[in-house]
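Let's take a walk through a structure together, one piece at a time. Have the picture ready and turn it as you read.

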Amino acid sequence: MTHDFDPRIHRALDGELDRTALTPEERTLVERLDAASRALSDFPAAPGGTLTHRVMGIIRRPLQSPVERFRRWLTSPHPVTLSLRPVYSVIVAVLLVALLWRAPETPLLAKHEGVAQFVARFPEAHSVAVVGPFNDWRPEATPLSDDDHDGVWDARVILPAGPHEYMFVVDGERWVADPMAGKYVDDGFGRQNAVMEVRPVRSE
Amino acid sequence: MTVGEGPSGSSDAEVIAQVLSGDVEAFGVLITRYEGGLLRFATRMLGSRDAAADAVAEGLVRAYRHLASCRDPARFRTWVFRIVANRCKSHLARRPVGDVSLDDAPPLAAPDNTDEGVERTDQLERLERALAQLAPEKREAFVLKHLDGMSYEEMSAVTGERIPTLKMRVHRAREALLAALREPS
């Protein structure tokens, strides 16, 4: 708790009023504050020269160029602090939970969509893609991957539920109908396209 | 010895001219001249001797690097105090609001076990706590006025605040500290 003191006390402390003009009680307060200031000022000095050595050590070093400073900044670890107001933190947490909750089951799927999994074995192939009406038969649109190099290529594609014709394109030039497909249709040019039935993930 | 003139006998302006002409070592004269006051100010502002040493060292390095922009070398003292005061504000801004730790407060001078000594120690602890609880701008004004003995004009040069504002801050700080001394222990 603080008290409002007579302005004369402040004036005396500020050197604007002679202290002899104060009452004994006022003078006591002024002297107590003088003593408090002395007590707060009075603490042992740091070991002589410590600060001088530290500062002189820094300023004697040549300044680094901005490029060098940027390189050091990039290559040395430094803490990064992101602060959010509590309300924003709660919103971010709720959004993250909502996203993670949905992710394993239905990753951004609409009601009548499903996941088509294309798998094919081409041990000698350097690249495999799947083409069909869903990607305008463009070989560059949907590549399959073989991360463990065992010759089995696969890709997962979200497609509308229903039947989809498709072909594999091996090494960018060889068009192959999926030998494992359960159904085929004539492509009108004397060959057959494989057909995959995509089921909706969320059935009503 | 007058302000701005140390044991070396040269004025601040003369030492600064020496530094700017290429004599890096001459800056040590200015450090020796002002480190005591700067450390006292920063320690009371930050409540920690280590943090104060960091703030003063950063401030002095910055002062050296920008020495050419010290427009009035005769007023080097208020200029360097202003730089260190800003470093202290940066340190305080990185801490949680109101957190001025006394864990690393300067050791109490000459502790003794007499009743009078114990009483003095208790009063000093109360003063330190009251000072730490003041708003930083009031603490700054009080320390500059009463611990570093600056005039309001010098304080205005350090803080960039108007004199009536500084007077009001000093008055409120005095009242808070005297109230702390009056509280029963």
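**A pair of strands to start with**

Start in chain A, where A:Val115 in β1(A) has A:Ile158 in β3(A) as its bridge partner. Keep in mind that this is a predicted model. That pair belongs to a wider arrangement: β1(A), residues 113-121, and β3(A), residues 152-160, run antiparallel and are joined by 9 bridges.

Now look at where the side chains of β1(A) point. In a regular strand, side chains alternate between the two faces of the sheet. You can follow that here: A:Gly114, A:Ala116, A:Phe118 and A:Ala120 point to one face and are buried. On the other face you find A:Glu113, A:Val115, A:Gln117, A:Val119 and A:Arg121, which are not buried. So our starting residue, A:Val115, belongs to the face that is not buried.

Next, slide along to the loop between β2 (128-131) and β3 of chain A, where A:His149 sits. Is A:His149 buried or exposed? It counts as exposed, because it has 7 C-beta neighbours inside 10 Å. Its C-alpha atom is 8.4 Å from that of A:Pro123, although the two residues are 26 apart along the chain.

There is something else to notice about the backbone. Most residues other than glycine have a negative phi. A:His149 is not a glycine, yet it has a positive phi of about 55°. A:Asp171 also has a positive phi of about 55°, and it is not a glycine either. You'll find A:Asp171 in the loop between β4 (162-170) and β5 (174-176) of chain A. A:Asp171 counts as partly exposed because it has 13 C-beta neighbours inside 10 Å.

Time to zoom out to the whole of chain A. It has 5 helices and 7 strands, and from the N terminus on the order is α-α-α-α-α-β-β-β-β-β-β-β. Of its 204 residues, 17% are buried. What about contacts between residues at least 6 apart in sequence? In chain A, 55% of those join residues at least 24 apart.

**Over to the other chain**

How do the two chains meet? On one side there are 28 residues of chain A, in contact with 33 residues of chain B. Three helices of chain A, α1 (7-13), α2 (24-41) and α3 (50-60), each supply at least two residues to the side that touches chain B. Sorted by class, that side of chain A has 17 nonpolar, 6 polar and 5 charged residues.

Chain B itself is built from 8 helices and 0 strands, so its pattern along the sequence reads α-α-α-α-α-α-α-α. Here 41% of the 185 residues count as buried. Among the contacts in chain B with a separation of 6 or more, residues 24 or more positions apart account for 69%.

How do you describe helices that pack together? You use the angle between their axes and the distance between the axes. Try this on α2(B), residues 27-46, and α4(B), residues 76-93: the angle is about 35° and the axes are 10 Å apart. The crossing is right-handed. Residues of α2(B) including B:Leu30, B:Tyr34, B:Leu38 and B:Phe41 meet residues of α4(B), among them B:Val80, B:Phe81, B:Val84 and B:Cys88. By class, this contact has 13 nonpolar, 1 polar and 1 charged residues.

α2(B) has another partner to look at, α6(B), residues 136-147. Their axes come within 10 Å and cross at roughly 150°, and this crossing is right-handed. From α2(B) come B:Arg40, B:Phe41, B:Arg44 and B:Met45, and from α6(B) come B:Arg139, B:Glu140, B:Val143, B:Leu144 and B:Leu147. The class count for this contact is 5 nonpolar, no polar and 4 charged residues. Notice B:Phe41, which is listed in the contact with α4(B) and also in the contact with α6(B).

Finish at α8(B), which covers residues 163-182. Its 20 residues reach 29 Å from the first C-alpha to the last, close to the 28 Å expected at 1.5 Å a residue. Which residues of α8(B) are buried? They are B:Leu166, B:Arg169, B:Val170, B:His171, B:Ala173, B:Arg174, B:Ala176, B:Leu177, B:Leu178 and B:Ala180.

Note on methods: Residues are numbered from 1 along each chain as its sequence is written. Chains are lettered from A and ligands numbered from 1 in the order in which they are written. This is a predicted model: local features need pLDDT of at least 70, side-chain atom pairs count only at pLDDT 80 or more; totals for chains, interfaces and linings use all residues. Axes are lines fitted to C-alpha atoms, for helices over the stretch in contact, and angles run from 0 to 180 degrees between N-to-C directions. Helices (H or I, at least four residues) and strands (E, at least two) are DSSP runs, numbered from the N terminus. A crossing is left-handed if the near helix is turned anticlockwise from the far one by less than a right angle, and right-handed if clockwise. Two residues are in contact if their C-beta atoms, placed from the backbone, lie within 7 Å. Ala, Val, Leu, Ile, Met, Phe, Trp, Tyr, Cys and Pro count as nonpolar, Asp, Glu, Lys and Arg as charged, and the others, Gly among them, as polar. The expected span of a helix is 1.5 Å times one less than its number of residues. A residue is buried if 20 or more other C-beta atoms lie within 10 Å of its own, exposed if 12 or fewer, and partly exposed in between; C-beta atoms are placed from the backbone. Two strands pair if DSSP finds at least two bridges between them.
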